[in-house]
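Q: Could you take a close look at one part of this model for me, namely how its strands and helices pair and pack? I'd enjoy one connected account.

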2 protein chains.
Amino acid sequence: MRAEALNIITNSARKFINIGAFTRLWNLVKNFHAADIASLMHQLVFREKLVLFKTITEKEKEKAAGVLSELDPEDAAQLIKEYKVEQISDLLEIIPSDDVAPILPFLPDEMKDSILAAMEKKPSEDVQELLLHDEETAGRIMSTEYYALEENTNVSDAITAIQLEGDVESAFYLYVVDDQNHLVGVASLRQLLFSRPNTPLKEIMTTEVISVNTETDQEEVARSVADYNLVAIPVVDLEKKLVGVVTVDDVIDVINQEATEDIYKMVSLDKTDRIKYSPLRSIRKRLPFLLISLLTVSLAPFVVHFFEGTIEKYVKLAVLFPLVMALGGIAGNQTIAIMVREIALGEADWIKARKALLKELSVGIGNGVVIGAISAVVSYLLFKNPYLGLILGLAIIINLFVAALVGTLIPLFLRLVRLDPALGSVNLLTMCTDAAGILAFLGLATLFLPYLS
Amino acid sequence: MRAEALNIITNSARKFINIGAFTRLWNLVKNFHAADIASLMHQLVFREKLVLFKTITEKEKEKAAGVLSELDPEDAAQLIKEYKVEQISDLLEIIPSDDVAPILPFLPDEMKDSILAAMEKKPSEDVQELLLHDEETAGRIMSTEYYALEENTNVSDAITAIQLEGDVESAFYLYVVDDQNHLVGVASLRQLLFSRPNTPLKEIMTTEVISVNTETDQEEVARSVADYNLVAIPVVDLEKKLVGVVTVDDVIDVINQEATEDIYKMVSLDKTDRIKYSPLRSIRKRLPFLLISLLTVSLAPFVVHFFEGTIEKYVKLAVLFPLVMALGGIAGNQTIAIMVREIALGEADWIKARKALLKELSVGIGNGVVIGAISAVVSYLLFKNPYLGLILGLAIIINLFVAALVGTLIPLFLRLVRLDPALGSVNLLTMCTDAAGILAFLGLATLFLPYLS
């Protein structure tokens with residue numbers, strides 16, 4: 001839904017909620033896609049959300065379940081907390097298990113257990129199966145709804161079996177297993193239309209099935225789906241038995257989530273730090289990092305302190321060192337951004353570090369020489385001191401070199417030790433380039449001091 | 001393919017290429033998925049790439065075409081330039097038009113025209129149709145391969161028609177049109193399996209079809225596919241006639257591309273600035289921005305220059321102002337990152353600016369008070385001057401306030417004037433927080449100067 005339309009609808013919904021016009025509220029939203037109702041919910045405050053959700057639940061349980069699937073898991077959990085266990089288990093039963101699993105960890109343990117106990121056996125077990133796996137793995141995000149049949153089944157029986165099983169919304173492939181449930185092949189449902197009724201599946205299936213296992217990291221799952229242009233990827237357990245599928249809509253969520261994480265981790269933000277949550281929550285999340293930053297950025301004053309005597313003799317130096325600091329930070333952030341994305345897209349790792357490093361160092365020196373030379377000339381024209389210009393130019397070249405070196409190595413090193421390559425990298429870089437820039441500039445200035453003042 | 005496996009295969013491929021063992025080279029890669037061969041190509045230098053690609057072309061044209069589809073368009077164009085027009089048009093004919101279109105703009109105009117002239121009529125026209133639309137629109141990235149049938153066709157005839165048309169790899173839906181080719185409905189191919197042979201399509205189709213038009217921005221296309229959990233979205237022209245579909249694999253490419261762009265634009269990098277390209281190219285791409293940065297970061301020295309007299313009287317000030325600068329930059333970058341992602345995910349715009357602004361300002365003041373107080377106390381303990389501590393603390397609070405203000409407004413404003421919200425935002429922010437931090441700190445210091453020295 002477009003932003004303008006959404007704003008108009010939000011205003012109407014808010015009005016109906018406030019005057020208690022629940023039938024009109026229902027008429028407003030009843031033909032909307034669940035995803036659009038979820039977008040509408042995002043615009044409302046909690047009390048309004050709850051009224052809207054209760055109205056939908058009373059009128060059409062399936063719609064309410066669909067909305068719950070589309071909400072952020074944390075938001076969905078907030079709503080659920082306001083309901084009785086029996087009401088909520090009724091809703092959760094009809095939501096795909098991979099949409100229920102992310103919600104439950106946000107509920108109090110006791111409530112979670114009661115809900116799982118109150119749900120029907122099959123959906124409850126499916127959800128519990130997912131929760132056994134680590135967060136951000138294929139086993140946690142997989143769907144347990146898919147079509148799988150034994151390899152000797154013929155096409156005609158396969159069609160009947162699928163018809164009996166009912167419509168599975170996001171199933172586009174038919175997986176083929178042996179009698180032990182090992183994944184042996186895949187056919188698209190489309191292929192069933194093309195094949196003679198009495199052909200066994202093993203004759204029409206593709207045997208080169210791309211699959212992941214339950215412990216595969218979700219980022220790797222997403223990369224496989226993207227690389228091989230799939231709309232779903234089967235998940236097998238450690239014995240190669242088929243246990244689920246990850247569908248492309250979940251992969252898109254993963255990619256969006258990981259992209260947000262990449263940007264957020266570069267500046268050390270928590271991924272759940274959103275505008276919609278309270279300032280107090282954000283302060284609590286950001287303060288620890290700012291406190292660490294306070295330590296790391298203190299390296300720069302420490303270096304300046306060391307050169308206080310030099311500045312006292314020639315105060316113009318205090319005017320120029322911020323320039324060297326800032327340019328190093330800007331160039332270094334560019335290198336960090338490149339490395340973080342190349343690593344995320346699987347194009348850079350420690351093994352290829354030398355290539356990346358040589359490249360970025362060359363760029364750093366190249367840009368450093370140009371920017372340094374211009375700065376030197378401008379500063380000479382302003383301050384009429386050739387030595388000051390020379391020192392400034394050299395310090396900029398040195399700092400752009402340091403920026404390239406540190407900017408390349410921080411993300412690669414973080415990746416090597418299995419941390420996120422973006423994790424606080426901008427902060428670490430700032431610490432290094434600030435200190436190195438000041439050290440280079442004020443250090444050179446101290447050496448050339450007789451020629452400056 | 002995993003990084004370790006890829007490295008081993010790259011080494012073998014390189015060896016076979018260098019000793020001219022082309023049959024062994026072919027045997028190495030012949031069973032690989034085209035996407036894996038493309039990953040392998042990424043590891044090779046151009047001369048090696050060319051040998052590998054020629055080997056594949058000679059052995060199996062379809063495989064070579066598949067590889068060309070999977071390569072970055074610019075890399076594919078590089079290879080194509082080494083071929084004769086007739087050879088290359090043979091390959092491009094069998095590649096989906098939406099994979100050919102991005103490659104052609106990287107070729108010299110004359111070569112592009114000759115290739116389009118040499119290709120068969122239908123694929124050539126399909127590609128030209130795509131090239132009529134602007135870059136980054138639905139019309140440019142859509143595929144012209146899909147199933148569409150008239151609404152009165154019955155299920156049995158529909159299945160026959162699809163069988164006659166042949167297998168379209170990424171088609172999972174059957175679009176339903178009226179006799180004027182207006183899009184009126186959609187059915188999944190799966191639904192054909194469920195329906196009686198003599199039912200007309202208009203009885204089984206869903207009439208609420210989510211579609212985009214040829215001019216829709218690709219980012220909005222991606223958002224629709226993601227929000228509504230689709231695997232393809234139909235594209236209509238301005239008369240609502242069906243002209244193509246965008247499939248989810250292209251949507252994933254768009255999302256990855258836009259995520260890279262978000263990060264890159266924050267630090268003003270060109271989206272094609274990759275490790276694999278030459279340093280000279282990257283220097284050329286980054287220099288203009290660094291030159292602009294040189295201007296923007298010069299605001300800080302200018303402000304310091306204004307307070308030279310104050311620093312001369314109390315040189316400790318030069319030690320502390322970098323701290324105020326750095327903290328403002330760090331906090332501001334967090335706000336920018338949040339705004340850029342919220343805007344990208346469609347959760348923030350100018351209309352909701354007040355909410356975002358209030359939130360970020362509260363966080364800025366809250367964090368400012370804590371960090372400012374700590375800094376004040378520590379600086380008092382180090383320098384034994386309560387006024388210096390007070391000034392430092394106040395300056396930090398002011399700068400974190402400025403960081404929140406500017407960090408929220410820059411992306412929203414850029415978006416309002418239809419520029420990318422991330423465009424150079426970090427650079428603009430640095431300029432503001434550096435200058436504001438120095439101004440606040442040295443300004444307060446000048447006021448309190450009698451109490452300092």
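A: Let's begin with the terms for a sheet: two strands pair if DSSP finds at least two bridges between them. Strands (E, at least two residues) and helices (H or I, at least four) are DSSP runs, numbered from the N terminus. This is a predicted model, in which local features need pLDDT of at least 70 and side-chain atom pairs count only at pLDDT 80 or more, while totals for chains, interfaces and linings use all residues. Residues are numbered from 1 along each chain as its sequence is written, and chains are lettered from A and ligands numbered from 1 in the order in which they are written.

In chain B, three strands form an open sheet with mixed pairing, in the order β1-β2-β3. At its edges stand β1 (147–150) and β3 of chain B, each of which pairs on one side only. Direction ignored, neighbouring strands of this sheet are turned by 30 degrees against each other on average. The mixed character is easy to follow pair by pair. Four bridges hold β1(B) and β2(B) together in the parallel sense, and along this pair you will find B:A148 opposite B:Y175 in β2(B). On the other pairing, β2 (residues 173–177) and β3 (residues 183–188) of chain B run antiparallel over five bridges, with B:Y173 facing B:S188 of β3(B). The hairpin of β2(B) and β3(B) has five residues between the strands, and B:N181 there takes a positive phi near 70 degrees.

Over in chain A, have a look at another open sheet of three strands with mixed pairing, this one in the order β4-β5-β6. Its edges are β4 (212–213) and β6 (242–247) of chain A; each has a single partner strand, so one side of each is left without a neighbour in the sheet. Strand β5 (residues 232–236) of chain A is joined to β6(A) by five bridges, and the two run antiparallel. Within that pair, A:P234 stands opposite A:V245 of β6(A).

Two helices dress this sheet. Helix α15 (residues 218–227) of chain A packs on it and touches β4, β5 and β6 of chain A, its direction making about 135 degrees with that of β5(A). Helix α16 (residues 248–266) of chain A lies across β5 and β6 of chain A, at about 60 degrees to β6(A). Angles here run from 0 to 180 degrees between N-to-C directions, with axes fitted to C-alpha atoms, for helices over the stretch in contact.

Helix α16(A) also takes us across to the other chain. Its axis and that of helix α16 (residues 248–266) of chain B come within 10 Å and cross at roughly 5 degrees, which makes α16(A) roughly parallel to α16(B) (under 35 degrees is roughly parallel, over 145 roughly antiparallel, 65 to 115 roughly perpendicular, the rest oblique). From α16(A), A:V248, A:I252, A:I255, A:N256, A:A259, A:D262 and A:I263 meet B:V248, B:I252, B:I255, B:N256, B:A259, B:D262 and B:I263 of α16(B). By class, that contact has 10 nonpolar, two polar and two charged residues (Ala, Val, Leu, Ile, Met, Phe, Trp, Tyr, Cys and Pro count as nonpolar, Asp, Glu, Lys and Arg as charged, the others as polar).

Another helix to follow is α23 (residues 425–447) of chain A. Within its own chain, α23(A) packs with helix α17 (residues 279–297) at about 20 degrees, the axes 9 Å apart, so α17(A) is roughly parallel to α23(A). Here A:S293, A:T296 and A:V297 of α17(A) meet A:N427, A:T430, A:M431 and A:D434 of α23(A), a set of two nonpolar, four polar and one charged residues. Across the chains, α23(A) packs with helix α20 (residues 316–344) of chain B at about 155 degrees, with the axes 11 Å apart; α23(A) and α20(B) are therefore roughly antiparallel. That contact joins A:V426, A:N427, A:T430 and A:D434 to B:P322, B:A326, B:I330 and B:N333, or four nonpolar, three polar and one charged residues by class.

Stepping back to the whole interface, 91 residues of chain A are in contact with 91 of chain B (contact means C-beta atoms, placed from the backbone, within 7 Å). Helix α20 (residues 316–344) of chain A gives the most to chain A's side, with 17 residues, and that side divides into 54 nonpolar, 20 polar and 17 charged residues. Of the interface residues of chain A, 100% are also interface residues in chain B, so the copies meet through the same surface.
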